[in-house]
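User: I've just opened this model and don't know my way around it yet. Could you walk me through it?

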Amino acid sequence: MFGRRGSDDGNRPTPAFRPLAPTPAPAGATGDTLVAPRPAVPAPAAPAAPPKRALETSPPLAPEPRRAQRERSESYYDTKSQVFSALIDTIDLSQLAKLDPESAREEIRDIVNDIIAIKNFAMSIAEQEELLEDICNDVLGYGPLEPLLARDDIADIMVNGAKQVFIEVNGKVEQTSIRFRDNQQLLNICQRIVSQVGRRVDESSPICDARLPDGSRVNVIAPPLSIDGTALTIRKFKKDKLTLDQLVKFGAISPHGAEVLKIIGRVRCNIVISGGTGSGKTTLLNCLTNYIDREERVITCEDSAELQLQQPHVVRLETRPPNLEGEGEVTMRDLVKNCLRMRPERIIVGEVRGPEVFDLLQAMNTGHDGSMGTIHSNSPRECLNRIESMIAMGGFSLPQKTVREIIVGSVDVIIQAARLRDGSRRITHITEVIGMEGDVIITQDLVLYNIKGEDQNGRLVGQHVSTGIGRPHFWDRARYYGEEARLATALESMEKGSD
């Protein structure tokens, strides 16, 4: 069904792996052979000496082992390239596309086994399994990225050209040994990712934002803008959706602070989540949406759809970039304006970056209580300043006092998230916007995170403390929803705990 498997004439160049002693191939090794016997590989003896000398003359952190890994990788990738070329010449991709993923993977493994046997490649069982998995990922998945995407402990994947791949684990960035065959393979995988959401990346359109099927955010910037090869950045989403209770276990917020956040989400306060890049804004926004009533109609507006709301009545909207002629663009502001005509009860904007903030504030102030959004800023006060500057960027010629009055009438609570220098993520402020005195917006902090020092492992030690405010500005709103007793208990418990 897939063409003439194993019919190669043997004229391809010999791989970098040492071949076995010449053995005549079986006469019946034609397209009907699925898996040939795996040849044994003599144990390598000579390469053992160089690493030993390197250990004797270098400290434990010397880069010699990494160079040895790269030398071994060159031979592996040379063999992989030859096997992959033979596979493409042999297989019928149109027939392969008709199979389900599991059957297609098994078919590819059979054909690759045939190619390895016919070409007489000398490989260990472990190397052959690694090669089989890599080639299946290249044909059916995202190539070398597959093992990284399968790991749930990775927050970010950063590909700097074909030879360098970095990951972020537990807030720290580290380099991996994963690499791509060449820049063309990397660009092909990027094109495969963005084409799933109807976008494209090439020389004429070298910058692209997209997403993976699980909601992970993807950014691609291709040559000629990226000088050393295509740069791919993936902000991964955990397979298991985080909750506020799990954030408590991680230390991002105290139990009583989490109770305050649950009440804030429940009583339909208008919330702005503020924080720097990678501080956990979207994760926190996802957590807060758990406390939206299931009867409410929620509309989300995002540049790339990341939010994972569990409510049954959710409408998800996504922006669209312009086409090659520069037409057809749909901006975030277009989405926010349109969703006001869709009878929303809550509007959630994944990330506020520009003049759409004015339309979001208008929505918050016109009966869409409980609306939420995220903004890049480093403190609640800076968040308010950023809102003002984004309104000015939109060309609105309003007096400064009028803009601030709109902000005060719209935003109820600012939640500040931060990634600390040890890589941990913490909610550092829960701040209310309570009014104006003259031309100045007045805020009050309900909960703060105080850093006390470091432990013996270099991890920051701190505590969430109450500022002693017993009746927040949204007290009447909490009483309207019957949550005032729970709010009072949470604030009182936090105050006692901080003492």
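Analyst: Happy to. Let's start with helix α4, where Ala 104, Glu 107, Ile 108, Arg 109, Asp 110, Ile 111, Val 112, Asn 113, Asp 114, Ile 115 and Ile 116 are buried. Buried is under 20% relative accessible area, exposed over 50%, and partly exposed in between (1.4 Å probe, protein chains only). This is a predicted model, where local features need pLDDT of at least 70 and side-chain atom pairs pLDDT 80 or more, while totals for chains, interfaces and linings use all residues. Residues are numbered from 1 along each chain as its sequence is written, and side-chain values use heavy atoms, without hydrogens or water.

User: Good to know. How many residues does α4 have, and how far does it reach?

Analyst: Helix α4 covers residues 101-118, which gives it 18 residues, and its first and last C-alpha atoms are 26 Å apart. That is close to the expected 26 Å at 1.5 Å a residue. The expected span is 1.5 Å times one less than the number of residues. Helices (H or I, at least four residues) and strands (E, at least two) are DSSP runs, numbered from the N terminus.

User: What follows α4?

Analyst: Asn 120 does, and its phi is positive, near 65°. For background, most residues other than glycine have a negative phi.

User: Let's hop to α9. What should it span?

Analyst: Helix α9 has twelve residues, 255-266, so at 1.5 Å a residue it should span 16 Å. Its end C-alpha atoms lie 17 Å apart, which agrees.

User: Which residues in α9 are buried?

Analyst: They are Gly 257, Ala 258, Val 260, Leu 261, Lys 262, Ile 263, Ile 264 and Gly 265.

User: And what comes after α9?

Analyst: Arg 268 follows α9, and it sits in the loop that leads to β7 (271-275). Arg 268 is not a glycine, yet its phi is positive, near 65°.

User: Is Arg 268 buried or exposed?

Analyst: Arg 268 counts as buried because its relative accessible area is 14%.

User: What about Arg 343, where is that?

Analyst: Arg 343 is in the loop between α11 (332-339) and β10. Its phi is positive too, near 50°. At 56% relative accessibility, Arg 343 counts as exposed.

User: Nice. Which peptide bond is cis?

Analyst: The bond from Pro 223 to Pro 224 is cis, with omega near 5°. To find Pro 224, look in the loop between β5 (217-221) and β6 (231-235).

User: Changing topic: how much space lies in the largest pocket?

Analyst: The largest pocket holds about 1,000 Å³. Its lining has 41 residues, and those closest to its centre are Lys 238, Leu 242, Gly 280, Thr 283 and Arg 425. On a 1 Å grid over the protein atoms alone, a pocket is an open set of points with protein on both sides within 12 Å along at least five of seven lines, a cavity is a set where a 1.4 Å probe fits but cannot get out, and lining residues have an atom within 4 Å of a point. Points join across faces, edges and corners, and volume is the space filled by probe spheres set on them.

User: Which elements supply the lining of that pocket?

Analyst: At least two residues each come from β1 (154-160), α8 (244-250), α10 (281-289), β11 (372-376) and β13 (425-437). Helix α10 gives the largest share, five residues.

User: And how many cavities are there of 30 Å³ or more?

Analyst: There are two cavities of 30 Å³ or more. The second largest has a volume of about 30 Å³, and its lining is made up of Arg 217, Thr 282, Leu 285, Glu 302, Glu 306, Leu 307 and Gly 350.

User: I'm also curious about Glu 351. Where does it lie?

Analyst: Glu 351 is in the loop between β10 (346-349) and α12 (356-364). With 12% relative accessibility, Glu 351 counts as buried.

User: Last stop: which strand holds Val 465?

Analyst: Val 465 belongs to strand β15, residues 460-466. It counts as buried, at 12% relative accessibility. You can also compare Val 465 with Thr 428: they are 37 residues apart in sequence, and their C-alpha atoms are 9.9 Å apart in space.
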